[in-house]
Amino acid sequence: MRILGIETTCDETAAAIVERGADGRGHILSNEVLSQIEDHAAYGGVVPEIAARAHVEVMDVLVKRALAGAGLKLSDMDGIAAAAGPGLIGGVMVGLTTAKALALVTQKPFLAVNHLEAHALSPRLTDGVDFPYLLLLASGGHTQLLVVKGVGDYLRLGTTIDDAIGEAFDKVAKMLGLPYPGGPQVERLALEGDAKRFNLPRPLIGRKEPNFSLSGLKTAVRVEAEKIAPLSEQDVRDLCASFQRAIVESIIDRTRMAFERLNDLQIPVTALVIAGGVAANSAIRAGLESLATLKKLPLIAPPPALCTDNGAMIAWAGLERLSLGLTDGLDFAPRARWPLMIESDSRESIRHV
Ligand code: KG4
Ligand code: ZN
């Protein structure tokens with residue numbers, strides 16, 4: 001089975017082709033991503049209108065490239081998938097409409113994919129992870145601890161009560177005069193900083209519910225920075241290191257609580273998985289690695305290129321759904337908000353068995 005997947009929910013335009021072979025494993029045949037980071041850099045964040053226009057400009061070229069890279073034609077596809085949300089609505093419309101048009105002209109099944117579900121299922125593409133697994137989904141827009149029990153079957157254990165983890169990295173970076181997106185910048189500078197210099201809070205640590213809170217930590221960084229302004233380069237490095245250490249400790253504590261909850265619910269999991277853009281952070285990966293070892297579980301982290309937004313994860317989620325006989329109608333509307341449902345997916349998919 002081969003699927004073309006299209007992603008346009010934020011500031012990456014992406015198209016990819018993924019195949020599931022006879023061995024049941026997924027193979028990425030092509031994976032084209034065009035980042036708009038430069039278009040948004042001057043504004044310190046993603047500007048929705050600029051994003052939507054930029055998607056339109058490159059969408060067709062990217063689909064062509066994905067097909068050429070795989071040496072395939074549209075007629076070789078078994079289905080066409082696009083992220084239908086959640087995301088910036090103008091951008092979502094671009095990818096969704098493109099996929100619908102391609103499905104219509106080729107008469108192939110159309111798959112409306114939830115972007116969060118695509119992140120959640122991506123470790124099955126990269127590492128063939130079996131259900132159920134505990135997933136920390138951490139990106140610029142989302143922070144969730146989920147049990148992934150099956151396709152469309154998710155149990156949310158915790159989420160953020162304010163900022164997303166990636167958003168906190170981006171806001172702290174902006175505050176320290178670093179370019180967008182801030183995560184990679186903070187990580188790089190933290191390597192040469194003193195993580196013990198600033199005494200920052202570890203929000204919610206020890207609380208039973210595995211939720212996150214980042215805004216107090218972000219404010220604490222601001223207060224410390226204002227106390228010593230103007231900041232030297234070393235001050236910035238030390239603030240980055242102290243902030244990152246606080247985030248890592250908070251993530252480990254929150255994930256530990258999620259494991260306790262799993263224990264109470266008597267749900268055994270096969271792995272601890274981290275996905276979403278923040279999963280590219282080595283300090284966070286290392287912290288979770290030691291927790292997983294303690295739990296005698298593997299830590300699975302898709303390679304960085306598949307942690308950040310990409311088309312392969314959309315194609316794979318479409319493939320998983322199509323394998324179950326699930327497809328969507330061409331009237332499927334784009335969704336700015338689309339939470340992963342507790343227990344089961346709310347969508348009324350067409351089931352062909
Ligand atoms: O999943 P993603 O590409 O897009 C969505 O938000 O859906 O995630 C992007 C986020 C940004 O907030 C970025 O700063 C963060 O992931 N990020 C990182 C790192 N690389 C990307 N955060 C911390 N450390 C990193 N190395
Ligand atoms: Zn994402």
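In this predicted model, the largest pocket is the space that ligand 1 takes up. Where does ligand 1 lie relative to domain 1 and domain 2? Ligand 1 sits between the two, because both of them hand over residues to its shell. Domain 1 is built from two stretches, 2-122 and 305-323, while domain 2 runs through 131-297.

The shell itself is worth a closer look. There are 21 residues around ligand 1, and the ones that come nearest are Gly-140, Asp-170, Glu-187, Gly-277 and Asn-281. Sorted by class, the shell has 12 polar residues, 6 nonpolar ones and 3 charged ones. Which helices supply at least two residues each? Helix 4 (115-127), helix 5 (165-175) and helix 6 (182-190) each do so. Of the contributors, helix 6 gives the most, putting 4 residues into the shell.

Now for the polar contacts that ligand 1 makes. One involves Glu-187, which is also among the residues that come nearest to the ligand: an N or O atom in the side chain of Glu-187 is 2.7 Å from a nitrogen atom of ligand 1. On the oxygen side, an oxygen atom of ligand 1 is 3.2 Å from a polar atom of Asp-309, and here the partner atom belongs to the backbone. Ser-139 joins in through its side chain, with an N or O atom 3.5 Å from an oxygen atom of the ligand. How much of ligand 1 does the protein cover? Taken on its own, ligand 1 has 550 Å² of accessible area, and the protein covers 90% of that.

A few spots in the backbone also stand out, and they turn up in loops. Take the loop between helix 5 and helix 6, which is where Pro-181 is placed. The peptide bond leading into this proline from Tyr-180 is cis, and its omega is near -5°. Both of the helices that flank this loop belong to the group that supplies at least two shell residues each.

Further along comes the loop between helix 6 and helix 7, home to Leu-204. What is unusual about phi in Leu-204? The angle is positive, near 65°, even though the residue is not a glycine.

Another cis bond links Ala-229 to Pro-230, this time with omega at about 0°. Pro-230 belongs to the loop that connects helix 7 (215-228) and helix 8 (233-265).

Technical notes
Residues numbered from 1 in each chain as written. Chains lettered and ligands numbered in written order. Predicted model: local features only at pLDDT ≥ 70, side-chain atom pairs only at ≥ 80, totals over all residues. Heavy atoms only, no water. Near = heavy atom within 4 Å. Polar contact = N/O pair within 3.5 Å; in protein donor to acceptor, adjacent residues only side chain to side chain. Areas by Shrake-Rupley, 256 points an atom, 1.4 Å probe, with all protein chains shown as cover. 1 Å grid on protein atoms, 1.4 Å probe; cavity = no way out; pocket = protein on both sides within 12 Å on 5 of 7 lines; lining within 4 Å. Sits in = over half its atoms within 2 Å of the grid points. Nonpolar A, V, L, I, M, F, W, Y, C, P; charged D, E, K, R; others polar. Domains from an automatic or database assignment.
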